[in-house]
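Subject: Structure for you to look at

Hello,

I am handing over a structure for you to open alongside this message. Please have it on screen while you read, and follow each residue as it comes up.

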Amino acid sequence: MSSLKSFKLSKLAEILGAELEGDPSKEIIGINSLETSLEQEISFIARESYLTKLSTTKAGAVICSTDHSEFFTGNKLICENPYLTYARCTELFKVKPSIKTGISSLAAIEDTAIISDTASIGNFVTVSENAVIEDEVVLMPGVFIGEGCRIGKGSVIYANVSIYDSVNIGKECILHSGVVVGSDGLGFAKDNRSWIKIEHLGKVIIGANVEIGSNSTIDRGSMSNTVIGKNTYLDNQIHIAHNVKIGENCIIAGQVGFAGSSTLGNNVMIGGQAGISGHLKIGNNVQIGGGSGVIKNIPDNSKVMGYPAKDLKNFIRENK
């Protein structure tokens, strides 16, 4: 994928903290895979299974480890962790859209809302009473911000996101299109043959630098708050039920579902389509494999998989 940005290899090596072997004046205009890179693009290799592609790639340079560098004769940026270096390289080539500050004439803004002069409010955005939109926030077209919400500095809310009342979103967050935050969870009490709705009186609190993927849903708390810790990343189509507490630095893949009142520690990783039952405690540094069903508490530093989720080594042994 090409970019409007350009870097000499010497500058890339300096910024990324990598060792350069090759032509320091080589111009790089983008990043691409080993198979499809052109001579002005950089690629990377982080797995041995891709070593055979080094002999055929047209990439102008390759990010690699010391162990893999001997298999490529072209320009190289050698580093300890090629995948991490690649991730940092993508930040350099990211072209951010041009955003105009100010409020669109087609937006609906309540008089009691507070909006920074440096915020950008797009067409057909609604900002309700007593909401606070901080500096450099971007609200794309069709966004709804409920009463009493606060959107932290530098956050970007993409088109057609709905944020219900009393939601607090931290600084530098990203919410992708179709996200719903603060809707009621599933709470009903049985009265003979009918159901009585339990009104949800809590809030949703989202920490700084959180990213939420498209069409994910986060329910407000029924009594206590639903909380997502800072530096946590949610993939697309994730459901987080009422009162769930997710710690810091967690990463959760697509279509994971959380039942109400479960708590996750810090640094938790969850694979796609896993399900977490209600009222559970998942410890710090836990890894849960994709498709797993978690029905009991998981202690710190555990790796589990399967249904019901069990120790990963036992799961592998039983499924050889």
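Glutamate 21 has a relative accessibility of 34%, and because partly exposed covers the range between 20% and 50%, this residue counts as partly exposed. Please keep in mind as you read that the model is a predicted one. The partner of glutamate 21 is lysine 76, and the two form a salt bridge in which the closest N and O atoms are 3.5 Å apart. This pair links distant parts of the chain, since glutamate 21 lies in strand S2 (residues 19–21) and lysine 76 in strand S6 (residues 76–78), with their positions 55 residues apart in the numbering. Is lysine 76 buried or exposed? Its relative accessibility is 9%, and because anything under 20% is called buried, lysine 76 counts as buried.

As background, side chains that carry opposite charges can pair when their charged atoms come close. By the rule used here, the count comes to seven salt bridges, and two others deserve a careful look.

One of them joins the side chains of lysine 53 and glutamate 35, with an N to O distance of 3.6 Å. Here too the pair links distant parts of the chain, 18 residues apart, with lysine 53 in the loop between strand S4 (41–44) and strand S5 (61–64), and glutamate 35 in the loop between strand S3 (27–31) and S4. Lysine 53 has a relative accessible area of 26%, so it is partly exposed.

The other brings together the side chains of lysine 197 and aspartate 184, at 3.0 Å from N to O. Lysine 197 sits in strand S22 (residues 194–197), whereas aspartate 184 belongs to the loop between strand S20 (180–183) and strand S21 (188–191), and the two are 13 residues apart. Lysine 197 is partly exposed at 35% relative accessible area, and aspartate 184, at 34% relative accessibility, is partly exposed as well.

Now to the helices. Helix H1 (residues 9–16) packs with helix H3 (residues 82–93) at an angle of about 120 degrees, and their axes are 10 Å apart. That angle makes H1 oblique to H3, and H1 passes H3 in a right-handed crossing. Which residues meet there? From H1 come Leu12, Ile15 and Leu16, and they meet Thr85, Arg88, Cys89, Leu92 and Phe93 of H3. Sorted by class, this contact has six nonpolar residues, one polar and one charged.

Best wishes

Note on methods
Residues are numbered from 1 along each chain as its sequence is written. This is a predicted model: local features need pLDDT of at least 70, side-chain atom pairs count only at pLDDT 80 or more; totals for chains, interfaces and linings use all residues. Side-chain values use heavy atoms; hydrogens and water are left out. Axes are lines fitted to C-alpha atoms, for helices over the stretch in contact, and angles run from 0 to 180 degrees between N-to-C directions. Helices (H or I, at least four residues) and strands (E, at least two) are DSSP runs, numbered from the N terminus. Angles under 35 degrees count as roughly parallel, over 145 as roughly antiparallel, 65 to 115 as roughly perpendicular and the rest as oblique. A crossing is left-handed if the near helix is turned anticlockwise from the far one by less than a right angle, and right-handed if clockwise. Contact means heavy atoms within 4.5 Å. Ala, Val, Leu, Ile, Met, Phe, Trp, Tyr, Cys and Pro count as nonpolar, Asp, Glu, Lys and Arg as charged, and the others, Gly among them, as polar. A salt bridge is a side-chain nitrogen of Lys or Arg within 4 Å of a carboxyl oxygen of Asp or Glu. Buried means under 20% relative accessible area, exposed over 50%, partly exposed in between (1.4 Å probe, protein chains only).
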